[in-house]
Each structure stands twice: as structure tokens, then as C-alpha cells.
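Subject: Structure handover

Hello,

Here is the structure I promised to pass on. Please open it alongside this note, and then read on for what was found.

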Amino acid sequence: MSILPHSTMNLKLPKMYKVRQYFDSTHITDIKKAIEEQLEQPEIKSLVKPNQKIAIAVGSRGIYQIDKIVRIIGDRLKQLGADPFIVPAMGSHGGAAAEGQRKVLKSYGIDEKNMGMPIHSSMDVEIIGKTSEGVPVYLDKNALKADLIIPVARIKPHTNFKGPIESGICKMLAIGLGKHEGCSRYHQEGFEQFPKLIPEVAKVIIENAPIGFGIGIVENAYEKTFHISAVNAKDILSKEPKLLIMAQQQMAKIMVSDIDVLIIEKIGKEISGAGMDPNIIGRDQYGKLKGYDSPNIKRIIVKDLTEQTNGNASGIGIADFITRKCFNKIDFESTYTNCIAGASPEGAFIPIIMESEELAIRAALQCCNQIDFNNPKIVRISDTLHLEEIEVSECLLPNLKINSQVEILS
């Protein structure tokens, strides 16, 4: 017996067409030169002294060429006579375990052999102060032992809150280096407090820990390095908002105004903290995003998890349907650890599971109100980071053909 009506099972699904969306492709071609120029700034270079133990804080996001970036930074610090090492700065990711976080770094090519420097991974933290509201501020013990701490972070819009400072250096200082204890404590305050809380926590850390400077990375819509800055610790709170504006201007989007069913091939933590970026799809685990205007998406299907997410399916609850293949890859311990630490159990809710993509599409269409079943608006993307080439159903072609930023491929 089918769980879907015969009319839905017999519905002829539309032809899909591959299209290419064009965004600003400007990017840094010589990343080594760009980083070294930033590190040569007098106010940055003067912070590095011979024989200093320097902690390079690296997170769990899939930053383009992050292994190369970290290696270049480490090599330059050595040339200046310092003794750098790496600390994972990823809150509760990696199953909130030291070895798990080391494995996350390794999945990006960051290990002791490739980097030429040690990795000190621990979940131990110290309380180094409190915010004006009395919230304790935590910091990784290994980082605290260093003479200098350098966070390396991508600046981008956050998936769950809006403010002058969102994802970036300040968030890495607060939540990334706060490890499981700090991550869990700050999320208890609620995302609505983050626009104020994250900068306050970062300020306490900058004042009470040896933060030297941060490396802020902005990527373009093609996930390549658009801009990179070495920002002195005293300037992080004032300069990060400007980098966020730059990142917002570079974001990709789906150039379709109305979608009945969006099919996402894969989600993962390296794609977005929520697995799929709410800034692209217009919803998070709590519902529609405020201020989001396009595209309007009725139903979302997720087919699979990325290899690099290591079973962490945080954010899967945003979808309406998933395939059996996707469900079978979920590591519930890792997912639950992350979502509980983030005070967001909704992110781990399991959507309806369908045995195949085709059944998922038919079920999703059945759950769309007031649509043209003979001409459904369907879009398929690989993930929310890679939106250059997408697939669209035939009825969407007329509007796309008159868009100068879109090319019909096949």
C-alpha cells in the first residue's frame, strides 16, 4: 500500500535543466603573498617576539584552503622566531571531545605532519572573567598557556541571529575557544542575546587573554578567498562589522523567486553551522527568517550528509523530508551533543524519511498548497555554499532566460 495518493504517484515529474548563475568572481590568486603582506604590517609584526609560544586557533568551518592558510601563518611565525602550535576552536563540535576535534581538523588536511607544528587539543577551560550581565567567560586552557593567541576565522552572516557582529573572529573567541562549556553556557542565553553577548564575551577575552591579532577571511560566492585581513586585537570589535558587510555583499543566492520544492544534495557542518545556510533558504529550525525576501520555498528535501560532517546532522530539522540514505548516515551522539550544547533540540528533529529521492519529491509536492501540479517549480542544488550550477524545472526557464546573470546549460 502506498502512503501517497495514486494521483501523486502517477504525476509526471518535470524535466530538469542545468543552469549557471553568475556572481562576482573576484578573488585572491596568491594567498601566500596576501597573508605575508598582512603579517608584515608594523602593528602586527611587532606583536610577534622570538621564542614566543603562539596558539593559532582553527575552527570547524570549511574555509577555502584553510590548511594552506594555517601552514603559511605558522611558517611565517617560525621565520620571526616564534614557536607556533594549533588549538581547535570549535565549541562542542567533534562530539565535544578532544580527539573528535582533532579529527575534524584532520579532515581539512590540518594535522601535525602537514602543518609542521603540534596540535594541542583539549576540552579543558578556565573562567577568565564575566560579562556586564554576570555571564562567565571561558577560554581553552592550552590557548591560555600561550604568549599570543591568533584566531583564524571566516567572516560571514550567522544562521540564527543578526547584528553588527555575527560569525567571525569574535564568535571564534567566545564560542570556539570557549569549547563545550562556553558554547553550552552562552547558548543558554538564547540567540536573541547573541548580538550583544558575543561582542561582550569577546571584549572580556581580549582584555584578559593574550590575544595578539585575528585573521579575518571573507569569501566570495564561489567559496574562494575574496579578502583577508590581519586585525590587531584592539581593533577587532570595530573592524569586524565592516568585514561582515563585505561578506554580505559577496553572498550567493538562488535566482528564483518562488520554489515549490528545493532539493539539497548534501548538508554538513562545514557548509553551515545549521548544515544548510538559512540565509540562502530563508528558514532555520524555528521557522522563516525575519527580513528574508527571496526565494519563497515551500518544501525542502535533503538527500545526504557530506563526508566531512562525520555524521553530524545538526540542522536536519530544517528540512521537511530526507532520504533513507541520509538518515542512515546520522551520528546521533555527535548531532545531539551539538544541538543540546546549542540549546537547539529542534535542529536535531528528524523529518519524514522517504526511501528514494523520487518518493521524497512526490511527497513534498503533495504537501505543497495551491501549486500547479502539472508544472511544479523544483530546484536542485548541491549544497547552500555552491550555487553556481543548479538544476531547475522547465516552468522556471522563461524568467531565467531574461536574467543576464543566468545561463541555460542543458
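First, a term. A cavity here is a set of grid points where a 1.4 Å probe fits but cannot get out. The model is predicted, so please keep that in mind throughout. By that definition, the structure holds 2 cavities of 30 Å³ or more.

**The cavities**

Start with the largest cavity. Its volume is about 630 Å³. The lining is made of 40 residues, and R61, H93, H158, K171 and G273 are the closest to the centre. Four elements give two or more residues to this lining: β6 (148-154), α8, α9 and α14 (332-341). Which element gives the most? Helix α8 does, with 4 residues. By class, the lining has 14 nonpolar, 21 polar and 5 charged residues.

The second largest cavity has a volume of about 220 Å³. Its lining counts 18 residues. Nearest the centre lie K156, E219, N220, M251 and L385. Strand β7 (213-219) and helix α11 (236-250) each supply at least two lining residues. Here the split is 10 nonpolar, 3 polar and 5 charged.

**The largest pocket**

There is also a pocket to look at. The largest one has a volume of about 380 Å³. It is lined by 19 residues. Look for N279, I280, Y292, D293 and S294, which lie nearest its centre. The lining divides into 10 nonpolar, 4 polar and 5 charged residues.

**Two helices at the largest cavity**

Back to α8 and α9, which both contribute to the lining of the largest cavity. Two packed helices are described by the angle between their axes and the distance between the axes. Helix α8 covers residues 169-176, and helix α9 covers residues 179-187. They pack at an angle of about 105 degrees, with axes 8 Å apart. Angles of 65 to 115 degrees count as roughly perpendicular. So α8 and α9 are roughly perpendicular to each other. On the α8 side, the contact is made by A174, I175 and G176. On the α9 side, K179, C183, Y186 and H187 take part. These contact residues are 4 nonpolar, 2 polar and 1 charged.

**The sheet of 5 strands**

Next, the sheets. One is an open sheet of 5 strands, in the order β3-β2-β6-β7-β8, with mixed pairing. Its edge strands are β3 (83-88) and β8 (225-232), and each pairs on one side only. The twist averages 20 degrees from one strand to the next. Strands β7 and β8 run antiparallel and are joined by 7 bridges. Within this pair, G214 stands opposite V231 in β8. Helix α4 (residues 66-79) packs on the sheet. It touches β2 (53-58), β3, β6 and β7, and its direction makes about 170 degrees with that of β2.

**The sheet of 8 strands**

Another open sheet has 8 strands. The order is β14-β13-β12-β9-β15-β16-β1-β17, and the pairing is mixed. At the edges are β14 (352-354) and β17 (406-408), each pairing on one side only. The twist averages 25 degrees from one strand to the next. Strand β9 (residues 258-267) runs parallel to β15 (residues 378-381), and 4 bridges join them. The bridge partner of I264 is I381 in β15. Helix α15 (residues 357-366) lies across β9, β12 (296-305), β13 (321-323), β14 and β15. It runs at about 160 degrees to β12.

Best wishes

Terms used
Residues are numbered from 1 along each chain as its sequence is written. This is a predicted model: local features need pLDDT of at least 70, side-chain atom pairs count only at pLDDT 80 or more; totals for chains, interfaces and linings use all residues. Side-chain values use heavy atoms; hydrogens and water are left out. Two strands pair if DSSP finds at least two bridges between them. Axes are lines fitted to C-alpha atoms, for helices over the stretch in contact, and angles run from 0 to 180 degrees between N-to-C directions. Contact means heavy atoms within 4.5 Å. Angles under 35 degrees count as roughly parallel, over 145 as roughly antiparallel, 65 to 115 as roughly perpendicular and the rest as oblique. Ala, Val, Leu, Ile, Met, Phe, Trp, Tyr, Cys and Pro count as nonpolar, Asp, Glu, Lys and Arg as charged, and the others, Gly among them, as polar. On a 1 Å grid over the protein atoms alone, a cavity is a set of points where a 1.4 Å probe fits but cannot get out, and a pocket is an open set with protein on both sides within 12 Å along at least five of seven lines; lining residues have an atom within 4 Å of a point. Grid points are joined across faces, edges and corners, and a volume is the space filled by probe spheres set on the points.
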